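Subject: Structure handover and findings

Hello,

Here is the structure I promised to pass on. My notes follow below it.

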Amino acid sequence: SPEQIGVSAQLAVVVGGDGTMLGIARQLAPFGVPLIGVNQGRLGFMTDIARSAMIEAMTLLMEGKFTPEDRLLLDTEVVFGGASSEWQPMANLAFNDVVIDKGATGRMIEFELRVDDEFIYSARADGLIICTPTGSTAYALSANGPILHPKLGGIALVPLCPHALSNRPITLPDSARIEVKLIQGANARAHF
């Protein structure tokens with residue numbers, strides 16, 4: 001199980017695609033286990049070692065010939081009516097992004113955005129992407145967000161189809177506390 005790997009492994013070799021890497025990274029993050037990815041999927045942004053080069057890469061790894069990278073995770077909390085939800089803490093970690101969207105309905109949602117307790121703006125949109133530098137090349141890039149270098153300490157906020165032209169992507173420091181308050185949108189969802 002991820003918990004057994006987390007308490008006993010010094011390194012986890014993830015064989016799969018980027019989705020596999022995202023899932024296991026979120027589960028192993030609390031344990032601080034380093035990950036290395038062997039690509040079995042289509043994209044291979046995070047699982048960047050080709051299967052054909054796996055043996056050579058593992059040999060170099062065992063010889064200490066590698067450069068570790070730290071990646072930012074978003075730690076989130078969902079609040080209903082002023083009280084924290086009863087979700088599992090690990091379910092609220094995000095490696096790529098947190099997406100708040102309108103759900104299955106055709107109506108936009110309305111939300112207020114605050115950063116470090118300071119009001120930034122109110123918006124009507126299909127949603128909002130809050131992404132790490134790792135996630136900046138995923139859904140946020142498709143929504144015209146900025147590409148953030150993985151070593152950059154930043155978080156990008158990318159509105160999804162905003163109603164006002166003034167609601168543009170914003171990049172914040174990774175120390176920012178971001179609060180999104182849903183004003184309207186009964187079917188809105190949050191994805192981690």
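Which residue forms a salt bridge with K65, and how far apart are the closest N and O atoms? The partner is E63, and the distance is 3.3 Å. Please keep in mind that this is a predicted model.

**Salt bridges**

The pair just named sits towards the outside. K65 is exposed, at 57% relative accessible area. E63 is partly exposed, at 47%. Side chains of opposite charge can pair when their charged atoms come close. Searching the whole structure gives seven salt bridges.

Another one joins D101 to R189, with 3.2 Å between the closest N and O atoms. This pair links distant parts of the chain. D101 belongs to strand β8, and R189 to strand β15, which covers residues 189-191. The two are 88 residues apart. Their surroundings can be compared against the cut-offs. D101 has a relative accessible area of 13%, so it falls under the 20% limit and is buried. R189 is partly exposed, at 40%.

E112 and R114 also form a salt bridge. Here the closest N and O atoms are 3.9 Å apart. E112 is partly exposed, with a relative accessible area of 22%. R114 is partly exposed too, at 28%.

Finally, there is a network: salt bridges link D117, R177 and E179.

**The nonpolar core**

The largest nonpolar core has 17 residues. Which of them touch the most other members? They are L74, F111, Y121, L128, I130 and L157. Five elements give two or more residues to this core: β8 (97-101), β9 (109-115), β10 (118-125), β11 (127-131) and β12 (154-160). β9 gives the most, with four residues.

F111 is worth a look in the viewer. Leaving out residues up to four places away in sequence, F111 touches Y121, S122, A123, A125, G127 and L128. On the same terms, F111 also touches V180, K181, L182 and I183.

I183 lies in strand β14, residues 178-184. I183 is partly exposed, with a relative accessible area of 43%. Beyond four places in sequence, I183 touches E110, F111 and E112. I183 and I109 are 74 residues apart in sequence, yet their C-alpha atoms are 7.6 Å apart in space.

**Helix α2**

Helix α2 spans residues 18-28. Its buried residues are D18, M21, I24, A25 and L28. Why do they count as being on the same side of α2? They cover an arc of only 130° around the axis, and that places them on the same side. The cover over these buried residues includes α1 (2-8), β1 and β2 (35-39).

**A surface patch**

L11, V13 and V15 form a nonpolar patch on the surface. Together they have about 220 Å² of accessible area. V13 is part of strand β1, residues 12-16. V13 is partly exposed, with a relative accessible area of 43%.

**A buried loop residue**

Is N96 buried or exposed? N96 is buried, at 11% relative accessibility. N96 is in the loop between β7 (93-94) and β8. Not counting neighbours within four places in sequence, N96 is in contact with L22, M46, I130, C131, T132, T134, G135 and A138. Of these contacts, I130 was listed above among the core residues that touch the most other members.

**Backbone points to check**

Most residues other than glycine have a negative phi, and most peptide bonds are trans. Two residues to look at have positive values.

- D116 has a positive phi of about 50° and is not a glycine. D116 is in the loop between β9 and β10. D116 is partly exposed, at 45% relative accessibility.
- C161 has a positive phi near 45° and is likewise not a glycine. C161 is in the loop between β12 and β13 (170-173). C161 is exposed, at 54% relative accessibility.

Best wishes

Terms used. Residues are numbered from 1 along each chain as its sequence is written. This is a predicted model: local features need pLDDT of at least 70, side-chain atom pairs count only at pLDDT 80 or more; totals for chains, interfaces and linings use all residues. Side-chain values use heavy atoms; hydrogens and water are left out. Patches are made of residues with over 30% relative accessible area and no salt bridge: like charges are joined within 9 Å, nonpolar side chains (Val, Leu, Ile, Met, Phe, Trp, Tyr) within 5 Å. Accessible areas come from the Shrake-Rupley method with a 1.4 Å probe; for residues, only the protein chains shown count as cover. A salt bridge is a side-chain nitrogen of Lys or Arg within 4 Å of a carboxyl oxygen of Asp or Glu. Buried means under 20% relative accessible area, exposed over 50%, partly exposed in between (1.4 Å probe, protein chains only). A nonpolar core is a set of buried Ala, Val, Leu, Ile, Met, Phe, Trp, Tyr and Cys residues joined through side-chain atoms within 4.5 Å. Contact means heavy atoms within 4.5 Å. The arc is that of the directions from the helix axis to the C-beta atoms.
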